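Work through the exercises below with the structure open beside the text. Try each task before reading its solution.

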Amino acid sequence: MSLRLSTVILPYRRWSEGGRAAWTRAEELGFHTAYTYDHLSWRSFRDGPWFGAIPTLTAAASVTERMRLGTLVTSPNFRHPVTLAKELISLDDVSDGRVTLGIGAGGTGFDATALGQEPWTPRERADRFAEFTALLDRLLTEDAVTYEGDFYSADEARNIPGCVQRPRLPFAVAATGPRGLKLAARYGQAWVTTGDPKLYETGTPEQSFEALRGQLDKLAETCAATGRDVSELDKVLLTGFTPDRGGPLESLDAFVDFAGRHQELGFTELVIHWPIPDSQFAAEEKVFELIAMEALTQLS
């Protein structure tokens, strides 16, 4: 499968002050998908502007025509499957079937306590993630759903007319642990990773590469155990969180080398962050645009 190149545009700018321009430019540059983070706030951006993912994607859908749109990633931290399903069906309709839902277990950041709750343990996050994903799958494929679970409930929740994409919009499941990989194998149309977070500070690019190889092997083993052909899943690498950091965006040659190695490893989509000055995602815009326009041509 040929490699696809996508971007993630963080929702930190007002729509009238560069927000809209980034999404329209992303389509002009030919990105396959433009994603955004689905958080209430995020790390170093917490004390600055930060806008909601679903309204941002809805606005982006209205100013683009071809490019796919999505979240990287939505989690149970502050969302309920019933209300999220209604919003996703509406977004899928506005975009004429161009939405991908990146979905994950969530973490211990600001989202985990913003509603006044105590942070969930890793086991509870995994439990909630499993129930959240299974219920969301039903809500997006059935006209009416009644369900009583350990964490979530639905009482005659109606979702007519359903998604434009059938049987529902695709899930890109972010996971590296055994339970999450099982969810990817069962419900995912794509699998997402950022690499091994333990290697970010002190690891090497080669160690990261081998860790990614191990994750891909585990995904294949999990799919085989559940009767799923692993080739049916796209393999998505959200870059910027491996020891390479911003190195691949320093030049076209550096990115082509990075992308080629990871394509050979088995990834089908690479996601690069839209440049943000004075942040961990700082990059030269001219180089970024050159990568967007020419990198895949050099890999073909």
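The exercises treat a predicted model, beginning with its strands and ending with its helix contacts.

**Exercise 1. The barrel**

Task: State how many strands the closed barrel has and in which order they run.

Solution.
- Step 1. Follow the pairing from strand to strand: the order is E1-E2-E3-E4-E7-E8-E9-E10.
- Step 2. The barrel is closed and has 8 strands, with parallel pairing.
- Step 3. From one strand to the next, the twist averages 25°.

As background, strands of a sheet pair through backbone hydrogen bonds, either parallel or antiparallel.

**Exercise 2. The neighbours of E7**

Task: Find which residues stand opposite Ala-172 in E4 and in E8.

Solution.
- Step 1. Locate the first pair of strands: E4 covers residues 99-103 and E7 covers residues 171-174. These two strands run parallel and are joined by 3 bridges.
- Step 2. On this side, Ala-172 of E7 has Gly-102 opposite.
- Step 3. Now take E8, residues 190-193, which runs parallel to E7 and is joined to E7 by 3 bridges.
- Step 4. Here Ala-190 is the bridge partner of Ala-172. One position along, Trp-191 in E8 stands opposite Val-173.

**Exercise 3. The unit around H5**

Task: Name the handedness of the β-α-β unit that contains H5.

Solution.
- Step 1. List the parts: E7, then helix H5 (residues 178-187), then E8.
- Step 2. Together they form a right-handed unit.
- Step 3. Place the helix against the sheet: H5 packs on it and touches both E7 and E8. The direction of H5 makes about 165° with that of E7.
- Step 4. An angle over 145 degrees counts as roughly antiparallel, so H5 and E7 point in roughly antiparallel directions.

**Exercise 4. H3 against H4**

Task: Classify the crossing of H3 and H4 by angle, and describe the residues in the contact.

Solution.
- Step 1. Helix H3 spans residues 81-94 and helix H4 spans residues 122-139. Their axes come within 9 Å and cross at roughly 45°.
- Step 2. This angle makes H3 oblique to H4, and the crossing is right-handed.
- Step 3. H3 contributes Pro-81, Val-82, Leu-84, Ala-85, Leu-88 and Ile-89, which meet Phe-132, Leu-135, Leu-136 and Leu-139 of H4.
- Step 4. Sorted by class, the contact has 10 nonpolar, no polar and no charged residues.

**Exercise 5. H1 against H2**

Task: Repeat the analysis for H1 and H2: what is the crossing angle, and which residues meet?

Solution.
- Step 1. The axes of H1 (residues 19-29) and H2 (residues 53-63) come within 10 Å and cross at roughly 55°.
- Step 2. H1 is therefore oblique to H2, and H1 passes H2 in a right-handed crossing.
- Step 3. Arg-20, Trp-23 and Thr-24 of H1 meet Thr-56, Leu-57, Ala-60 and Val-63 of H2.
- Step 4. By class, this contact has 4 nonpolar, 2 polar and 1 charged residues.

**Exercise 6. H5 against H6**

Task: Describe how H5 packs with H6, from the angle to the residue classes.

Solution.
- Step 1. H5 and H6 (residues 205-225) pack at an angle of about 60°, and their axes are 9 Å apart.
- Step 2. The two helices are therefore oblique to each other, with a right-handed crossing.
- Step 3. In H5, Leu-181, Lys-182, Ala-184 and Ala-185 meet Lys-218, Leu-219, Thr-222 and Cys-223 in H6.
- Step 4. These residues divide into 5 nonpolar, 1 polar and 2 charged.

Technical notes:
Residues are numbered from 1 along each chain as its sequence is written. This is a predicted model: local features need pLDDT of at least 70, side-chain atom pairs count only at pLDDT 80 or more; totals for chains, interfaces and linings use all residues. Side-chain values use heavy atoms; hydrogens and water are left out. Two strands pair if DSSP finds at least two bridges between them. Helices (H or I, at least four residues) and strands (E, at least two) are DSSP runs, numbered from the N terminus. A crossover is right-handed if, with the strands pointing away from the viewer, the path from the first strand over the helix to the second runs clockwise. Axes are lines fitted to C-alpha atoms, for helices over the stretch in contact, and angles run from 0 to 180 degrees between N-to-C directions. Angles under 35 degrees count as roughly parallel, over 145 as roughly antiparallel, 65 to 115 as roughly perpendicular and the rest as oblique. A crossing is left-handed if the near helix is turned anticlockwise from the far one by less than a right angle, and right-handed if clockwise. Contact means heavy atoms within 4.5 Å. Ala, Val, Leu, Ile, Met, Phe, Trp, Tyr, Cys and Pro count as nonpolar, Asp, Glu, Lys and Arg as charged, and the others, Gly among them, as polar.
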